[in-house]
Amino acid sequence: SLLTKNVAWNGFTDRCSLFELAVMDHAGTDKFELSPTNLGDHRVRNRSMGTVQQEDLYEEARRTEIIVQSKPLDTVLAEQGVADKPIRPWKMDTQGSEVSILRGAKQTLARTDYLLTEYWPYGLARFGHSAQDFISCLENYFSEFRNAQYKDQTYRPMNQLLENLLKPSSNVCGESMYIFRKAGSGSTA
């Protein structure tokens, strides 16, 4: 309801489609958990919690009584009749479910010029994913990357991504934002 109000208040109702569902790599249902302290940290709960313990980062304080429908992004876009439209920028910050979303978005990735996404090792570990899983979702679609938080705006080849992901983050929670682009996408994003 907050997102719906925000879209309306900013005059974007005619340019936005909002859905009450989680985009993942599967169709079905998932638990949606609420952060007791951060409105920007609600997340889909992975069934296994990966290598993360319940007491890590106050996981046990999260309410999980909300059940959401889940669908692959490729399916959602096909249902909306926009599966063939090019995507210049795509921004994604989904609190660790990025790999699951990317695995359900192969057609979407194929037509995306730029992807701005969070890389959060803790969040990925909650889903049982690693840096290599993250890379494997991107390496066939993009030719270059850069860390959006570094002052150096130079794009680097994808074969340097693992080394970059393993560098310590300057952020206290360890997350970083990355921009990926296809070859020939033009000027910097």
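## Aromatic cluster

Ring pairs connect Tyr119, Phe134, Phe142, Phe145, Tyr178 and Phe180 into a cluster. The model in which this cluster appears is a predicted one. Across the whole structure, a search finds eight aromatic pairs. One of these joins Phe142 and Phe180 in a tilted arrangement, with 6.0 Å from centre to centre and 45° between the planes. Phe142 belongs to the loop between helix H6 (131-138) and strand S7 (144-147), whereas Phe180 lies in strand S9; the pair thus links distant parts of the chain, 38 residues apart. Phe142 counts as buried because its relative accessibility is 4%, below the 20% cut-off. Phe180 is also classed as buried, because its relative accessibility is 0%.

A further pair is formed by Phe145 and Tyr178, whose ring centres are 6.2 Å apart; the planes meet at 50°, so the pair is tilted. Phe145 is in strand S7 and Tyr178 in strand S9, and this pair too links distant parts of the chain, 33 residues apart. Both Phe145 and Tyr178 are buried.

## Charged groups over rings

Two aromatic rings carry a charged side chain over the face. The charged end of Lys182 is placed over the ring of Phe142, 4.6 Å from the ring centre. Arg181 lies over the face of Tyr155, at 3.8 Å from the centre of that ring. Phe142 is therefore a residue that counts as buried, at 4% relative accessibility, and that has the charged end of Lys182 over its ring.

## Strand S6 and its partners

Strand S6 (residues 112-119) is mostly covered, with six of its eight residues buried. S6 runs parallel to strand S5 (residues 87-92), to which it is joined by five bridges. With strand S9 (residues 176-181), S6 shares six bridges, and these two strands run antiparallel.

Leu115 takes part in both pairings. On the S5 side, Leu115 is the bridge partner of Trp90; in S9, the residue opposite Leu115 is Phe180. Which residues does Leu115 contact once its neighbours within four places in sequence are left aside? They are Trp90, Met92, Leu102, Leu109, Leu138, Phe142, Tyr178, Ile179 and Phe180. Among these, Phe142, Tyr178 and Phe180 also belong to the aromatic cluster.

## Nonpolar cores

The largest nonpolar core has 25 residues, of which Trp90, Leu115 and Phe180 touch the most other members. At least two residues of this core come from each of helix H2 (73-79), S5, helix H3 (98-103), S6, H6, helix H7 (161-165) and S9. H6 provides the largest share, five residues. Apart from this core lies another, of five residues, including Ala22, Met24, Val44 and Phe127.

## Overall architecture

The protein contains seven helices and nine strands. Of its 189 residues, 40% count as buried. The accessible surface comes to about 10,700 Å², and carbon and sulfur atoms account for 53% of that area.

Among contacts between residues at least 6 apart in sequence, 70% join residues at least 24 apart. The aromatic pairs described above provide examples of links across the sequence: Phe142 and Phe180 are 38 residues apart, and Phe145 and Tyr178 are 33 residues apart.

Note on methods:
Residues are numbered from 1 along each chain as its sequence is written. This is a predicted model: local features need pLDDT of at least 70, side-chain atom pairs count only at pLDDT 80 or more; totals for chains, interfaces and linings use all residues. Side-chain values use heavy atoms; hydrogens and water are left out. Helices (H or I, at least four residues) and strands (E, at least two) are DSSP runs, numbered from the N terminus. Buried means under 20% relative accessible area, exposed over 50%, partly exposed in between (1.4 Å probe, protein chains only). Contact means heavy atoms within 4.5 Å. Accessible areas come from the Shrake-Rupley method with a 1.4 Å probe; for residues, only the protein chains shown count as cover. Two strands pair if DSSP finds at least two bridges between them. Rings of Phe, Tyr and Trp (its six-membered ring) pair if their centres lie within 6.5 Å; planes under 30 degrees apart count as stacked, over 60 as edge-to-face and the rest as tilted. A charge sits over a ring if NZ of Lys or CZ of Arg is within 6 Å of the ring centre and within 35 degrees of the ring normal. A nonpolar core is a set of buried Ala, Val, Leu, Ile, Met, Phe, Trp, Tyr and Cys residues joined through side-chain atoms within 4.5 Å.
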